[in-house]
Amino acid sequence: NLAALYRAQGCAAEAEPLQQRALSIWERVFGPDHPTVATSLNNLAELYYARGRWAEAEPLYQRALAIRERALPPNHPDIAQSLNSLAMLYYAQNHYAEAETLLQRALAILERTEHPNFATGLENYAALLEQTGRAAEAAPLRERAQAIRDRHAQANPHP
């Protein structure tokens, strides 16, 4: 939690050793293939991604995804989260084909489970389509994402 606080405050240098330590602890406590380890791997990868250290983030995202695919049911939202995270890394590196495949898989999971992050996934995929010159394909995704957000706002009004 302290690492997350540091990260939120923009203190990545302070967060990194704490996140690495947490990963080490979770691996010792649960073993290397536990979903909690996958979460810790993903958190460290997010830190590296945000700092532009993509080569270090990629194997962590990949390992987190592999753990989750082995340990969780195939439609678990955490698998979709790992797919989306790795896809966004590939998108940032202009590896659009790889990103698209992962985003499609993530969306299929999120749609089946009616997960709240489905709208975000649609927006991520729309951004990729727009970046690759496929704006006509992106428009309905953006509209669908907005409709989901509007329904959510109506169902959960804030005072």
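Buried means under 20% relative accessible area, exposed means over 50%, and partly exposed covers what falls in between. By that yardstick Arg134, at 24% relative accessibility, counts as partly exposed. Keep in mind that this is a predicted model. What follows is a quick tour of its salt bridges, its helix pairs, a nonpolar patch and a few single residues.

**Salt bridges around Arg134**

- The structure holds eleven salt bridges, and a good place to start is the one between Arg134 and Glu100, where the closest N and O atoms are 2.8 Å apart.
- That pair links distant parts of the chain, with Arg134 sitting in the loop between H7 and helix H8 (135-155) and Glu100 in helix H6, 34 residues apart.
- Is Glu100 buried or exposed? Glu100 counts as buried because its relative accessibility is 14%, and the cut-off for buried is under 20%.
- Arg134, by contrast, counts as partly exposed at 24%, so this bridge joins a partly exposed arginine to a buried glutamate.
- Arg134 also meets Glu137 in a salt bridge, with 3.0 Å from N to O.
- Glu137 has 42% relative accessibility, so this residue counts as partly exposed.

**The bridge between H7 and H8**

- Glu123 and Arg149 bring their side chains together in a salt bridge, at 2.8 Å from N to O.
- What does this pair tie together? Glu123 lies in helix H7 and Arg149 in helix H8, so the bridge connects parts that are 26 residues apart in sequence.
- Glu123 comes out as partly exposed because its relative accessibility is 23%.
- Arg149 is partly exposed as well, with a relative accessible area of 34%.

**A salt-bridge network**

- Which residues are linked in a network of salt bridges? They are Glu16, Arg51, Arg53 and Glu56.

**How the helices pack**

- Take H5 (residues 77-92) and H7 (residues 118-131) to begin with: they pack at an angle of about 20 degrees, and their axes are 11 Å apart.
- That angle makes H5 roughly parallel to H7, since angles under 35 degrees count that way.
- The H5 and H7 crossing is left-handed.
- H5 also packs with H6, here at an angle of about 160 degrees and with the axes 8 Å apart.
- Are H5 and H6 roughly parallel or roughly antiparallel? They are roughly antiparallel to each other, because the cut-off for that label is over 145 degrees.
- The crossing of H5 and H6 is left-handed.
- Over at H3 (residues 35-50) and H4 (residues 54-71), the packing angle is about 160 degrees, with 8 Å between the axes.
- H3 is therefore roughly antiparallel to H4.
- Here, too, the crossing is left-handed, this time for H3 and H4.

**The loop after H5**

- Asn94 lies in the loop between H5 and helix H6 (96-113).
- What is unusual to look for in the backbone there? Asn94 has a positive phi of about 65 degrees, although this residue is not a glycine.

**A nonpolar patch on the surface**

- Ile25, Trp26, Val29 and Phe30 make a nonpolar surface patch of about 340 Å².
- Trp26, one of these four, is found in helix H2 (residues 12-30).
- Trp26 counts as partly exposed because its relative accessible area is 33%.

**Two residues to pick out**

- Leu89 lies in helix H5, and this leucine is buried, with a relative accessible area of 0%.
- From Leu89 to Pro73 the gap is 16 residues in sequence and 24 Å in space, C-alpha to C-alpha.
- Gln131 lies in helix H7 and counts as partly exposed, at 47% relative accessibility.
- How far is Gln131 from Ala13? Their C-alpha atoms are separated by 32 Å, and the two residues are 118 apart along the chain.

Terms used. Residues numbered from 1 in each chain as written. Predicted model: local features only at pLDDT ≥ 70, side-chain atom pairs only at ≥ 80, totals over all residues. Heavy atoms only, no water. Patch = residues over 30% accessible without salt bridge, like charges linked within 9 Å, V, L, I, M, F, W, Y side chains within 5 Å. Areas by Shrake-Rupley, 256 points an atom, 1.4 Å probe, with all protein chains shown as cover. Salt bridge = Lys/Arg side-chain N within 4 Å of Asp/Glu carboxyl O. Helix = DSSP H or I, 4+ residues; strand = E, 2+ residues; numbered from the N terminus. Buried < 20%, exposed > 50% of the residue type's maximum accessible area, 1.4 Å probe, protein only. Axes fitted to C-alpha atoms, helices over the stretch in contact; angles between N-to-C directions. Parallel < 35°, antiparallel > 145°, perpendicular 65-115°, else oblique. Left-handed = near helix turned anticlockwise from the far one by under 90°.
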